[in-house]
Amino acid sequence: MRVQGDPNHPFTAGFLCTKVNRYLERTYHPERLLHPLKRVGRKGRGEFVAVTWGEALRDIATRLRAIAAGPHGAQAILPYSYCGTMGMLQGQSMDRRFFNAIGASKLDRTICSTAGAWGMRMTVGANVGADAEGLPSSDLVILWGTNTLTANPHLWPFVRKARDGGARVLCIDPIRTRTADQCDEWLPIRPGTDAALALGMMHVLFAEGLQDDAYLAQHTLGAEQLRERAREYPPDRVASLTGLPAERIVTLAREYGRAKAAFLRINYGLQRHGGGAMAVRTIACLPAITGHWRRTGGGVQLSTSANFKYNTAALERPELSPDGRTINMIRLGDALTAADAGVGGPPVQALVVYNSNPAAVAPDRNVVLTGLRREDLFTVVLDHFQTDTADYADYVLPATTQLEHLDVHLAYGHHYATLNRPAIAPLGACKPNTQIFRELAAAMGLTDPCFADDDETLVRQALSSADPKMATVTYDALMAHGWVRLNVPTPYVPYAEGGFLTPSGKCEFYSARMEAMGLDPLPNFTPPHEFPEEVPELAARFPIALVSSPRHQFLNSTFVNIKSLRRDAEPEVMVHPADAAPRSLVDGMPVVVFNDRGAFSATARVTDAVRQGVAWAPSVWWGKLTGDGHNANETTSQRTTDMGNGPVFYDNLVEIAPAE
Ligand SMILES: Nc1nc2c(c(=O)[nH]1)N[C@H]1C(S)=C(S)[C@@H](COP(=O)(O)OP(=O)(O)OC[C@H]3O[C@@H](n4cnc5c(=O)[nH]c(N)nc54)[C@H](O)[C@@H]3O)O[C@H]1N2
Ligand SMILES: Nc1nc2c(c(=O)[nH]1)N[C@H]1C(S)=C(S)[C@@H](COP(=O)(O)OP(=O)(O)OC[C@H]3O[C@@H](n4cnc5c(=O)[nH]c(N)nc54)[C@H](O)[C@@H]3O)O[C@H]1N2
Ligand SMILES: [Mo]
């Protein structure tokens with residue numbers, strides 16, 4: 001048996017990433033959860049006994065019913081899920097119906113992309129941007145805040161084609177990642193200052209007449225005000241904010257302005273800062289200034305996901321839910337430790353986790369674990385493995401993997417819908433999330449007929465979309481080919497003739513919606529929460545900006561327990577020689593990375609692959625697979641972004657010292 005890519009797929013061309021290449025090893029892993037488990041030891045100890053599905057589901061239903069009937073009602077129950085699987089069925093169908101019908105608290109699923117998505121929405125109208133399949137026609141490629149070769153390797157062949165055609169490829173990142181290493185140039189920007197760089201580019205573009213006046217006049221709103229704003233960002237000022245030389249800011253703007261079809265590949269790494277939404281919004285203005293949207297290969301891409309209009313209302317049935325409160329998933333620590341869950345209303349008394357491992361991935365891990373340790377919290381975890389989170393569960397329920405269940409998927413780097421058909425029967429007693437929530441609904445006595453829908457019916461409901469872009473994505477086409485291109489041209493050039501998805505139909509440099517939200521209606525540099533110039537006292541104690549983006553072989557916290565991918569690795573932290581020397585840090589030395597929120601141990605790697613003042617801790621480790629039980633999220637905060645309530649994982653000042 002083996003896993004392989006489809007060589008006929010226009011985007012992936014049969015190439016599998018490092019991790020999915022090991023999907024069989026993961027699926028048949030000796031530690032795979034195969035039976036429901038009930039906790040017998042103390043929370044966090046990971047001591048469990050096997051029980052039957054009948055016993056587990058009966059007991060879970062009894063506990064949840066008792067909480068719902070108690071003084072706080074069903075709002076004391078909190079679902080917690082993210083993108084362990086991004087499948088429409090296993091990620092947002094029966095599960096949502098179940099929590100809607102019982103009247104549980106709602107979860108704001110912000111942990112990855114909401115800041116950037118809001119930035120795009122306020123500017124071009126939706127998270128709809130340039131098509132990577134147009135990349136070969138680009139004459140300048142900027143990989144901006146993204147580690148393409150790790151996070152999005154399927155893009156790389158298109159980048160190569162652009163380069164073969166003469167395009168220069170630049171990388172803007174505080175870290176010289178393996179991606180930056182492969183580019184023509186690395187621009188080592190200070191974290192959280194991208195909006196300033198984009199405004200500095202605009203300053204030069206307008207000053208040197210490199211704008212496309214016709215595009216500005218026809219398809220944008222607020223061009224004059226933006227030009228005024230950009231005047232406030234001369235290269236010298238931008239140099240001191242971004243840490244890039246003023247001359248390079250000028251030449252970058254000229255390169256960009258003289259290109260005909262520059263492709264800006266921004267991604268979510270960029271927006272994990274206090275000003276993340278504004279950063280994305282500001283960069284997203286650039287192609288409308290130069291008119292690059294007119295041409296194939298020009299524009300900006302954050303994601304393609306908003307093109308996929310599956311019928312989520314049919315899958316989730318929001319009308320089953322009474323009005324209630326919403327809890328932001330990145331504030332899980334507060335939600336579990338505050339008497340009013342941090343947002344008002346009852347305390348959280350039950351937590352049901354699936355497709356997520358918050359004990360590893362959520363920020364401010366100390367507080368999260370304090371919450372998970374509560375003896376009066378009833379916790380259920382659905383997963384493939386005994387994760388950090390599962391160690392705190394009262395019940396652990398074994399879920400199926402992609403190889404064992406049916407699903408349909410969107411994409412966020414290309415325009416093809418994918419069908420996921422089961423290749424093997426579920427291992428052991430594993431069940432798909434859909435089936436687990438179906439059975440839980442029955443055990444709770446829920447009688448709405450929607451709980452009887454089988455997975456094939458759910459696929460058909462997902463596809464019952466009136467959106468024209470979904471016209472090609474039919475059940476028969478998916479069954480016949482496994483994947484289908486959305487009903488958009490190849491390549492898709494969304495704003496060649498304007499047609500922005502904003503209320504005005506224009507690219508909104510000036511956003512009345514943001515003004516109504518009490519925000520600056522124009523692009524601006526919004527400093528990170530932990531920007532040294534803004535918080536000098538904090539920065540004096542914790543002078544190093546820590547980025548904890550994923551290790552190449554891990555998918556957030558997934559695959560960390562796969563030996564061939566973990567190899568003999570240990571948690572590491574890359575430190576610049578000029579930061580290492582005054583702290584007496586030497587290469588290979590055990591060190592502690594810490595701030596007021598917490599600490600974790602790592603091995604120091606002294607390298608000029610990080611800019612001075614920045615450290616990189618490749619993540620996201622399972623606490624229990626590190627030497628000291630801790631990971632980088634001990635140091636990250638529960639603060640949120642300027643829009644979208646997103647996380648600020650990389651907006652994080654720390655200090656580093658030799659281990660005792
Ligand atoms: N192998 C692998 N692939 C993945 C994932 C994984 O965990 N492993 N995760 C998937 C998921 S869920 C996501 S959201 C995507 C994320 O993929 P990307 O969007 O590429 O995001 P990150 O890897 O978080 O960060 C990318 C880069 O942003 C840089 N960065 C940090 N702060 C700043 C800044 O202020 N400005 C600039 N210019 N750069 C900055 C970091 O140094 C890092 O190299 O990848 C997906 N693909
Ligand atoms: N410090 C730091 N923190 C981060 C990040 C970072 O780069 N640095 N990345 C952030 C980002 S971008 C994201 S998206 C989040 C990701 O956070 P999560 O969405 O929690 O992702 P994972 O850590 O991959 O954990 C997903 C879990 O879902 C399980 N799973 C997979 N498929 C299924 C299924 O079909 N059924 C069930 N029941 N379980 C399944 C997996 O086994 C795994 O344990 O983490 C965020 N946290
Ligand atoms: Mo993510």
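How far does a polar side-chain atom of S356 lie from an oxygen atom of ligand 2? The distance is 2.7 Å, and it makes a good starting point for a walk through this structure, which is a predicted model.

Let us stay with ligand 2 for a moment. Its surroundings consist of 31 residues, with S356, D383, S548, S557 and T558 the closest. T558 brings a side-chain N or O atom to 2.4 Å from an oxygen atom of the ligand, while N355 has a polar side-chain atom 3.1 Å from a nitrogen atom of ligand 2. On its own, ligand 2 would expose 930 Å², and the protein buries 96% of that area. Sorted by class, the shell around ligand 2 holds 12 nonpolar, 16 polar and three charged residues.

To see where these residues come from, it helps to know the layout of the protein. There are four stretches to keep in mind: domain 1 (1-30), domain 2 (31-112 + 309-485), domain 3 (115-302) and domain 4 (536-658). Domain 2 and domain 4 each give at least three residues to the shell around ligand 2.

Now turn to ligand 1. Here the shell is drawn from domain 3 and domain 4, so ligand 1 lies between these two domains. It is surrounded by 32 residues, and the closest are D173, G192, F554, N556 and Y650. Y650 places a side-chain N or O atom 2.5 Å from an oxygen atom of ligand 1. G192 takes part through its backbone, with a polar atom 2.6 Å from an oxygen atom of the ligand. D194 has a polar side-chain atom 2.7 Å from a nitrogen atom of ligand 1. Taken alone, ligand 1 exposes 910 Å², of which the protein buries 95%. Its shell divides into 16 nonpolar, 12 polar and four charged residues.

Our last stop is the meeting of domain 1 and domain 3. Their centres, taken over C-alpha atoms, are 32 Å apart, and five residues of domain 1 are in contact with six residues of domain 3. Together the two domains bury about 540 Å² between them, with 72% of it on carbon and sulfur atoms. Which three residues supply the most of the area that domain 1 buries against domain 3? They are P10, F11 and F15, which account for 78% of it. Between these domains there are zero salt bridges and one residue pair in polar contact. On the side of domain 1 that touches domain 3, the residues are four nonpolar, one polar and no charged.

Technical notes: Residues numbered from 1 in each chain as written. Chains lettered and ligands numbered in written order. Predicted model: local features only at pLDDT ≥ 70, side-chain atom pairs only at ≥ 80, totals over all residues. Heavy atoms only, no water. Near = heavy atom within 4 Å. Polar contact = N/O pair within 3.5 Å; in protein donor to acceptor, adjacent residues only side chain to side chain. Areas by Shrake-Rupley, 256 points an atom, 1.4 Å probe, with all protein chains shown as cover. Nonpolar A, V, L, I, M, F, W, Y, C, P; charged D, E, K, R; others polar. Domains from an automatic or database assignment. Contact = heavy atoms within 4.5 Å. Buried area = accessible area lost by both parts, 1.4 Å probe. Salt bridge = Lys/Arg side-chain N within 4 Å of Asp/Glu carboxyl O.
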